[in-house]
Amino acid sequence: RLSVTDLIEAKGTPNGTGGVTWTRIESDNDDDRECSLRGPVVAGTISDPTFTILNVVIDTTGLSTNGFETANDSNLTRSQFFSQLLAGDLIDAESDERGLGCETGRLSTGSSGEVSFESGDGVSGNDDDDRYEDDYDDGNDDEDDGGYDDDDSNVGGQEISGAVRNLNAAARTFSVANRTVTATDDTLIDD
């Protein structure tokens, strides 16, 4: 059972209507309280120091130069990052480890968070690093982990982690990093 302030990681895939079908929710027992969000940049929202992913404003105010990265983990300056950033780019954004940027209704990186470009377009099957299995039963006798391979990646591009807020058990919803997550009968939940 989930409780408010539990740390979780939720993964999902675009549902074609601008939303996300959340396919996996798992407990995140890390000692840090950071939150993160991965997804495509929304058109018309890029204005240094902010941009939007999945209707959550990402605020990079105060982020040090080594907090901006390419898809190959090379450092970028702030101006290089924002000059390369385009609508639809797949970005991974993380708050500081204390999670202070998760409390404000937006994801703020603070001075020690990170924003990075991710490879591919975020759509399963479209890139060489496709780590999402197309079906849940791959026919092997190994343990099936719900469609994700052993590195728990999510090429579908929709991934958030952080503390649970606004839990509504009757509606099967809660929010993380200012993003609403709805669990369905098909959502895999790991403790």
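In this predicted model, P14 stands opposite V20 of strand β2. That pairing offers a convenient way into the first part of the fold. Strand β1 covers residues 7-14, while β2 spans residues 20-27. The two strands run antiparallel to each other and are joined by 7 bridges. Together, β1 and β2 make up a hairpin, with 5 residues lying between them. Within the turn, G16 adopts a positive phi of about 90°.

Strand β1 also has a partner in β11, which is formed by residues 158-163. Here too the pairing is antiparallel, and it extends over 6 bridges. To follow this pairing on the structure, one can start from G12, whose bridge partner in β11 is Q158. β1 thus pairs with β2 and with β11. As for its surroundings, β1 is mostly covered, with 7 of its 8 residues buried.

A second place to look is V41, which sits in the loop between β3 (36-40) and β4 (50-53). Is V41 buried or exposed? Its relative accessibility is 5%, and because buried means under 20%, V41 counts as buried. Leaving aside residues up to four places away in sequence, V41 touches I46, F51 and T52, and also L85, L86, A87, G88, D89 and I91. One of these contacts, L85, is 44 residues from V41 in sequence, yet the C-alpha atoms of the two residues are 8.3 Å apart in space.

Notes:
Residues numbered from 1 in each chain as written. Predicted model: local features only at pLDDT ≥ 70, side-chain atom pairs only at ≥ 80, totals over all residues. Heavy atoms only, no water. Buried < 20%, exposed > 50% of the residue type's maximum accessible area, 1.4 Å probe, protein only. Helix = DSSP H or I, 4+ residues; strand = E, 2+ residues; numbered from the N terminus. Pairing = 2+ DSSP bridges. Contact = heavy atoms within 4.5 Å.
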